[in-house]
Amino acid sequence: MELSLPYALTAELTHRCPLRCPYCSNPRELERRDNELPTGVWLRILEEAAGLGVVQLHLTGGEPLLRADTELLVERARSLDLFVNLITSGIGLTEARLSRLAEAGLDSLQLSLQAPTPSLSDHIAGFQAFDRKRQAAALIRAAGLPLNMNVVLHRRNIGELEAIVGLCLSWGASRLELANTQYYGWALVNREALLPTKEQLKAAEAAFDGLKRRIGKQMELIWVFPDYYAEFPKPCMGGWGRISLTVSPSGKVLPCPAASSIDALTFDSVRDRSLASIWYESAALNSFRGTDWMPEPCRSCDRRFEDFGGCRCQAYLLTGDARQTDPVCRRSPHRGLISDAVAGANEALPAASGCAEAPLSYVYRGTAVQGMSPSSQ
């Protein structure tokens, strides 16, 4: 198999964050601040990533603004001709901080939003964040930077689609990604409380189609369909270790942010090896490249070069074996795991906005983010 070069690097600078979203993609066992990579190692990673062929850098977390060196990393990445995108909750984004980021060469910011009203948004985030997000959006627009927004959709907010889109449009967003929840990490813990019903999804799809026609080119709208209602899985991250890689706060090199959940694999660290040697030689990254690892029905499936067997993390979390066909696939022998979850969601009454028929388990981050000044973190 000819190995392609990675196109994008996701740099998880920290798992610290003021928000406690119950659908968070961070692992259930968060990496501690005292084990985060120092600035010098991140600078080396950026140089190695550029040398490896990476052209896009996504700075994320947790909340990347909790690192005091974010501007320095942006500046170095831009000097290496990387396109730099910052994914943020907006908490801690001041006019002065944004000015420094812009001067460093930041290309794009993606601001998260939980819901269109303060009460529901703050309830989902587990933190009073809505007003700060509104202020952050205004600062981004005033600085002349494009405002990209992201909303994770689920049972609690999917009925608010029209209001979500209207709010983001009024804030001046140029792009809005409506991403239905992917059920791994904390979202899997909260699946019963988050998985929407068929009727909710049908209504949301109809609303999205209408909004896309009405809005036209005013704002780009992206819809990410929920796996559990699909017949076939997505090519997760473009395929395992094919076009992108993630570096965790402690330095583990992963094919995607959720892969650390597969505890049957040992992921190499940039503390010990270069990024290039890990990309080419890592046993973990080579585990699910190509098709030799595939069981039936994947091995002989005409979709094997389209979805690459689906999500290995999802397969592992639901079946206990990362080599299994993604249970989302209608041809999977484990499809019943998905069908049962969907049936359970549709037996319950849809949740009213802000009301829960099943309790949410919020991400526990201890006291690591009390206070938002990076210098105090």
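Where is the place of Gly62? Select Gly62 and you will find it in the loop between strand S2 (56-60) and helix H2 (70-79); helices (H or I, at least four residues) and strands (E, at least two) are DSSP runs, numbered from the N terminus. We will come back to this loop shortly.

**Before setting off**

This is a predicted model, in which local features need pLDDT of at least 70 and side-chain atom pairs count only at pLDDT 80 or more, while totals for chains, interfaces and linings use all residues. Residues are numbered from 1 along each chain as its sequence is written, and side-chain values use heavy atoms, with hydrogens and water left out.

**The whole view**

Start zoomed out, with the protein shown as a cartoon. You should be able to trace 14 helices and 9 strands. The radius of gyration is 20 Å, close to the 21 Å from the globule rule for 377 residues, so the protein is as compact as a globular protein of that length. That radius is taken over C-alpha atoms, and the globule rule is 2.2 Å times the number of residues to the power 0.38. Along the principal axes, the C-alpha atoms fill a box of roughly 55 × 50 × 40 Å.

Now colour by burial. Buried residues make up 54% of the 377, where buried means under 20% relative accessible area, exposed over 50%, and partly exposed in between (1.4 Å probe, protein chains only). Of the contacts with a separation of 6 or more, 73% are between residues 24 or more positions apart; a contact means heavy atoms within 4.5 Å.

Switch on the surface next. Its accessible area is about 15800 Å², of which 50% belongs to carbon and sulfur atoms, computed by the Shrake-Rupley method with a 1.4 Å probe; for residues, only the protein chains shown count as cover.

**Stop 1: two cis peptide bonds**

Return to Gly62 and display the backbone. The peptide bond from Gly61 to Gly62 is cis, with omega near 10°. Then jump to Pro297, in the loop between helix H11 (283-286) and helix H12 (304-307). Here the bond from Glu296 to Pro297 is cis, with omega near 10°. For background, most peptide bonds are trans, and most residues other than glycine have a negative phi.

**Stop 2: two positive phi values**

Select Asp81, in the loop between H2 and strand S3 (83-88). Its phi is near 65°, a positive value in a residue other than glycine. Asp81 is exposed, with a relative accessible area of 64%.

Move on to Phe308, which sits in the loop between H12 and helix H13 (312-319). Phi of Phe308 is also positive, near 55°, but this residue counts as buried, at 17% relative accessibility.

**Stop 3: helix H13**

From Phe308, carry on into H13. How many of the 8 residues of H13 are buried? The count is 6, so the helix is largely enclosed by the rest of the structure. Select Arg312, Cys313, Gln314, Ala315, Tyr316 and Leu318 to see the buried residues. Their cover includes helix H7 (186-189), helix H8 (191-194) and helix H14 (335-347). After H13 comes Gly320, with a positive phi near 85°.

**Stop 4: salt bridges**

Show the charged side chains. There are 20 salt bridges, each being a side-chain nitrogen of Lys or Arg within 4 Å of a carboxyl oxygen of Asp or Glu.

- Select Arg44 and Glu48, whose closest N and O atoms are 3.0 Å apart. Both lie in helix H1 (residues 39-52), 4 residues apart, about one turn of the helix. Arg44 is partly exposed at 28%, and Glu48 is partly exposed at 22%.
- Next, pick Arg214 and Glu162, which meet in a salt bridge of 3.1 Å, N to O. This pair links distant parts of the chain, with Arg214 in helix H9 (residues 198-215) and Glu162 in helix H6 (residues 161-170), 52 residues apart. Arg214 is exposed at 53%, whereas Glu162 is partly exposed at 43%.
- Then choose Arg273 and Glu281, paired at 2.9 Å, N to O. Arg273 is partly exposed at 24%, and Glu281 is exposed at 55%.

For the last selection, take Arg16, Glu36, Arg67 and Asp69 together: salt bridges that share partners join them into one network.
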